[in-house]
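The following exercises concern a predicted model. Please study the sequence and the structure, attempt each task, and then read the worked solution.

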Amino acid sequence: MKSLQTLFVLSVFFIHLVFGVTGVDFSTYRPGMNNRPLYQSIIKDLGEKFGTPVQTAYRKGFEAQIDRIVIDEDLMDKYLQEAAVPQEREAIARFILAHEYFHVLLKHPHTSERGESPKEIQIRGTFTEARREMEKQVDHLAAKYLHDLKLPTKPVERMFQTHPELVHGGDCYPSGEERAKIVSEASKPGIEMSYFDNKAIKCTFFLNKLAARFPREMPLK
Ligand SMILES: [Zn+2]
């Protein structure tokens with residue numbers, strides 16, 4: 001009996017190792033229904049993995065605030081609906097939540113156009129240019145997070161290439177094609193420092209604090 005238990009524990013361990021099972025089962029996801037337990041598991045996982053828990057709120061418009069992430073369930077449904085299988089849905093949901101989570105950890109919500117940014121964040125270009133770089137930074141890290149979990153990034157690349165509001169980008173957002181490229185290139189080893197130190201912004205201080213939580217991405221270039 002004891003050896004059976006041991007075998008069970010070992011096999012669960014190996015399944016984790018080989019298939020990268022992440023413990024959030026998106027086969028229970030239903031559009032338009034209450035999927036908050038799934039999102040909360042991801043937020044909890046991020047908090048544990050990166051050592052900084054954050055609060056969540058639910059309403060229209062995804063947003064990263066100083067200590068919380070606002071989750072837009074309708075918009076999440078829109079992005080998740082076209083994913084074919086639970087694992088693809090999980091990848092998209094994790095990417096979107098990790099994107100907002102890294103904004104919080106990198107203290108992006110503390111920056112402002114009026115120049116009241118923390119001293120650890122140097123805005124070198126215009127605030128709009130710096131904001132675009134911040135979006136690239138968190139896309140890069142969120143894609144790294146998916147790679148770490150052995151989740152596919154293709155569904156996220158597709159999302160950026162197909163939704164019109166993402167395809168066109170905006171003042172503060174790179175184009176969808178550019179964002180898809182950032183996501184696909186995150187498969188290369190190492191954190192790409194040019195996103196964090198360039199002519200528009202330097203914010204390596206807060207990055208260094210969280211980068212150690214990406215053991216496979218060290219050392220930093
Ligand atoms: Zn963002």
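**Exercise 1.** Determine which residues Phe102 touches, not counting residues up to four places away in sequence, and decide whether Phe102 is buried or exposed.

*Solution.*
Step 1. Phe102 is located in helix α4.
Step 2. Beyond four places in sequence, Phe102 touches Val138, Leu141 and Ala142.
Step 3. A separation can also be given for Gln137: its C-alpha atom lies 8.4 Å from that of Phe102, although 35 residues separate the two along the chain.
Step 4. A residue is buried if 20 or more other C-beta atoms lie within 10 Å of its own. Phe102 has 25 such atoms within 10 Å and is therefore buried.

**Exercise 2.** Identify the residues in contact with Ala142, leaving aside its neighbours within four places in sequence, and state which element gives the most to the largest nonpolar core.

*Solution.*
Step 1. The contacts of Ala142 are Phe95, Ala98, His99 and Phe102.
Step 2. The largest nonpolar core has 53 residues, and Ala142 is one of those that touch the most other members, together with Ile92, Ala93, Leu97 and Tyr101.
Step 3. Elements giving two or more residues to this core include α2, α4 and α5.
Step 4. With 11 residues, α4 gives the most.

**Exercise 3.** Describe how helices α3 and α4 are oriented to each other.

*Solution.*
Step 1. The axes of α3 (residues 73–81) and α4 (residues 86–105) come within 9 Å and cross at roughly 140°.
Step 2. The two helices are therefore oblique to each other.
Step 3. Their crossing is right-handed.
Step 4. The residues of this contact comprise six nonpolar, no polar and one charged.

Technical notes
Residues numbered from 1 in each chain as written. Predicted model: local features only at pLDDT ≥ 70, side-chain atom pairs only at ≥ 80, totals over all residues. Axes fitted to C-alpha atoms, helices over the stretch in contact; angles between N-to-C directions. Helix = DSSP H or I, 4+ residues; strand = E, 2+ residues; numbered from the N terminus. Parallel < 35°, antiparallel > 145°, perpendicular 65-115°, else oblique. Left-handed = near helix turned anticlockwise from the far one by under 90°. Nonpolar A, V, L, I, M, F, W, Y, C, P; charged D, E, K, R; others polar. Core = buried A, V, L, I, M, F, W, Y, C linked by C-beta atoms within 7 Å. Buried ≥ 20, exposed ≤ 12 C-beta atoms within 10 Å, placed from the backbone. Contact = placed C-beta atoms within 7 Å.
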